[in-house]
Every structure is written in structure tokens, then in C-alpha cells.
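I'm opening a fresh notebook page for this one. Let me put the structure up, then jot down what I looked up.

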Amino acid sequence: MRWLGFFLAFISMWILSQANINTQVLGWTLGCTSALCWMEAAHKDGDTPRLLMETMYFTLAALAVYNWL
């Protein structure tokens, strides 16, 4: 799950860094999915600070998806 989260985060940042308005929703959606992967990994590890950080990132990325829609 961690490698999937890493690759999704990488693709998400690549898409978002292109500054193409037409692909912003896709970039933020991949960011949400990546954060969910990392949230699961943090929960399994019992790493509360990382879980909280990823929850914050997921929430803000979900808000960005909502704003772009």
C-alpha cells in the first residue's frame, strides 16, 4: 500500500505542477487517494502523528476537488 501511495502522490504532484486547469481535479483526486493509502499505513503502524498529518492532507485535497468541480 505504501508504494501505491508513493506513486499516486508522485503522479498527483506531477499533474498539479503542470498548472493545466483541465487536469486539476484529477491531480487532487489522486492526492486524496494517495493520502488514504498513507492513512491506512499509518493506522496499521500506530503512527498517530503521521495519521493526523495525512488526514489533514486528505481533507484539504478533498476540499480542492470540491472547489474544482
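How much area does the chain expose, and what share of it do carbon and sulfur atoms supply? I got about 4700 Å², with 73% of it supplied by carbon and sulfur atoms. Accessible areas here use the Shrake-Rupley method with a 1.4 Å probe, and for residues only the protein chains shown count as cover.

Ground rules, for my own sake. This is a predicted model, where local features need pLDDT of at least 70 and side-chain atom pairs count only at pLDDT 80 or more, while totals for chains, interfaces and linings use all residues. Residues are numbered from 1 along each chain as its sequence is written, and side-chain values use heavy atoms, leaving out hydrogens and water.

Next, the fold. I found three helices and zero strands (DSSP runs of H or I, at least four residues, and of E, at least two, numbered from the N terminus). The radius of gyration, taken over C-alpha atoms, is 12 Å, close to the 11 Å from the globule rule for 69 residues, so the chain is as compact as a globular protein of that length. That rule is 2.2 Å times the number of residues to the power 0.38. The C-alpha trace spans about 40 × 20 × 15 Å along its principal axes.

Then I checked burial: 30% of the 69 residues are buried (under 20% relative accessible area; exposed is over 50%, partly exposed in between, with a 1.4 Å probe and protein chains only).

Last, Phe10. I located Phe10 in helix α1, residues 2-17. Phe10 is exposed, at 52% relative accessible area.
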